[in-house]
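Hello,

Here is the model we talked about. Please open it alongside this note; my findings follow below.

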Amino acid sequence: MQPFLNQIWIARWPLWEGFLLTIEVASAAILFGTVLGCICGIQLVYGPAIIRIPFRVYVDVMRGTPVLVLILAAFYIPSVAGVNLSATQAGILALSLFAGAHIGELMRGALQAIPPGQAEAARSIGLTFPQTLAYVLLPQALRSALPPWINTGVELIKGSSLLSIIGVGELLLKTQEVIGRTFLTIEFYVFAGALYLLANIFLDQLGKAIERRVQGR
Amino acid sequence: MGYSLQFGAVWASFGNLLSGLALGLGLAVAAVACGTLIGLVAAFASVSSSRIARVLVGGYVMLIRNLPLLVLVLLVYFALPQLGIRFDKYESFIGALALYAGAYLTEVFRAGLVAVPKGVVEASRAIGLTWVQTNVWVVAPIMMRNALPSMGNTFIGMFKDSSIAAAIAVPELTFQARKINVDTFRVVETWLVASGLYIATCFAIAALLRRLERLFPKF
């Protein structure tokens, strides 16, 4: 135990940086993914067929491909197209596209669960469609989409560990570097696991707290 | 720009991709089979009257669901040997994926168990079936029917997660695609073909599962 505590003290800054980058990458992905997912969900339910089809294809392609393949594709493909992305940017791109598809699908479910009478009522009292969306449909959809949305956040924190494979210096890669130096394999993998666990449990509890607030109208 | 797609190099190694795909499916089947056993035991434990069993199952599910699979895989493959427990890379990966699938399937089966109407259990007890007989002949079939769609989803998820085996050099589809990528530099083509294979397989599994569901009567 003593050598482990010494090593963890020596490696505290790299590990802290890695943990921060994990949180940053996951937050960026959930942010972009939520924007993308809301657009996607709205188009899937209310868009005309010509727009619905490409969004449907996007959602199905993203949901049928492993996250690791998305990450590797986002890392290798843009450079061929002449766009230079850093490994971190490529990782955020892949995770955002992944999150966008999942959030799109859960927004679609949430929007479809709202009785159609509500949209009709909103139209009949003279609200335009954007107003109906903003004041009637989205507030309800967001509330019922909250639990699966938190799940997607947990998936993203977990998925960000895959970025270590393309060399993004997040928590897992920093941990592997420390293990390469110290050979304390079990200790540091367990430590990294505990950090992921803590971050996810915190997110989970945060979600539950928000849920209680929005439910207790 | 000015990149022209040339699939020749990828088609030349298409056989490797297909064998990688088969290996990935095999890993997923093995893991889900073991995970189903874990999940069944854990689900029945989580609805049992034993407080200790419930707490243990709750801890297992919470722990595994919040850990990245890659960390779990690396732990099993690189850390367990330090404790004198050695598995080869296939066994390590199947073990890690089975633990992972087990946690998700525990939730799936638990939801299936909770959805079994109470009256059914009472009725079978009333006609003289023992607790074991009730669970095996009455509760389990209804639970399985309830759980089937989610089990299918879990299987598709585990098939996609089999890509993570590439990290410990198990030659499944992603590993083969990376190899072609590095050997030939046909970057776009390789990932298009690999993604296409994954998507096509996921769709095929989903279609198969829908047919399977229709074979079972609804309750």
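K179(B) and D183(B) form a salt bridge through their side chains, with 3.8 Å from N to O. This is a predicted model, so please read every value here as computed. Both residues belong to helix α8 of chain B, which covers residues 173-184. They sit four residues apart, about one turn of the helix.

How exposed are the two partners? K179(B) has a relative accessible area of 42%, so it is partly exposed. D183(B) reaches 52% and counts as exposed. The cut-off for exposed is over 50%, so D183(B) passes it at 52% while K179(B) stays in the class below at 42%.

One distance for D183(B) as well. Its C-alpha atom lies 32 Å from that of F155(B). Along the chain, these two residues are 28 positions apart.

Other salt bridges

Over all chains, the count comes to eight salt bridges. Chain A has a pair in a helix too: K208(A) and D204(A), at 3.6 Å from N to O. Both lie in helix α9 of chain A, residues 185-215. Their spacing is four residues, about one turn of the helix. K208(A) is partly exposed, at 40% relative accessibility. D204(A) is partly exposed too, at 24%. Buried means under 20%, so D204(A) with its 24% is not in that class.

Back in chain B, the side chains of E189(B) and R186(B) meet in a salt bridge of 3.2 Å, N to O. Where do E189(B) and R186(B) stand, buried or exposed? Both are buried.

Chain A also holds a network. R56(A), D60(A), E105(A) and R108(A) are linked in it by salt bridges.

The interface

How many salt bridges does the rule find across the interface of chain B and chain A? Zero. The contact itself involves 34 residues of chain B and 35 residues of chain A. The two chains bury about 3100 Å² between them. Carbon and sulfur atoms account for 73% of that area. On the chain B side, N66(B), K160(B) and W191(B) lose the most area to chain A. Together they make up 18% of what that side buries.

Chain B as a whole

Chain B has nine helices and zero strands. From the N terminus on, the order is α-α-α-α-α-α-α-α-α. The C-alpha trace spans about 75 × 45 × 25 Å along its principal axes.

Of the 219 residues in chain B, 46% are buried. Chain B exposes about 10800 Å², and carbon and sulfur atoms supply 68% of that. Now the contacts in chain B with a separation of 6 or more: 79% of them come from residues 24 or more positions apart.

On charge, chain B carries 17 positive and 9 negative charges. The mean positions of the two sets are 8 Å apart.

Backbone points to look at

Two residues have a positive phi although neither is a glycine.

F183(A) has a phi of about 60°. Its place is in the loop between α8 (171-182) and α9 of chain A. F183(A) counts as exposed, because its relative accessibility is 60%.

A169(B) has a phi of about 65°. It is found in the loop between α7 (131-161) and α8 of chain B. At 33% relative accessibility, A169(B) counts as partly exposed.

To recap the salt bridges by place. K179(B) and D183(B) pair within helix α8 of chain B. K208(A) and D204(A) pair within helix α9 of chain A. The E189(B) and R186(B) pair is buried on both sides. Across the interface of the two chains, the rule finds zero.

Best regards

Terms used: Residues are numbered from 1 along each chain as its sequence is written. Chains are lettered from A and ligands numbered from 1 in the order in which they are written. This is a predicted model: local features need pLDDT of at least 70, side-chain atom pairs count only at pLDDT 80 or more; totals for chains, interfaces and linings use all residues. Side-chain values use heavy atoms; hydrogens and water are left out. Helices (H or I, at least four residues) and strands (E, at least two) are DSSP runs, numbered from the N terminus. Buried means under 20% relative accessible area, exposed over 50%, partly exposed in between (1.4 Å probe, protein chains only). Contact means heavy atoms within 4.5 Å. Accessible areas come from the Shrake-Rupley method with a 1.4 Å probe; for residues, only the protein chains shown count as cover. Lys and Arg count as positive and Asp and Glu as negative; His and the chain ends are not counted. The place of a charge is taken as NZ of Lys, CZ of Arg, CG of Asp or CD of Glu. Buried area is the accessible area (1.4 Å probe) that two parts lose on being put together, summed over both. A salt bridge is a side-chain nitrogen of Lys or Arg within 4 Å of a carboxyl oxygen of Asp or Glu.
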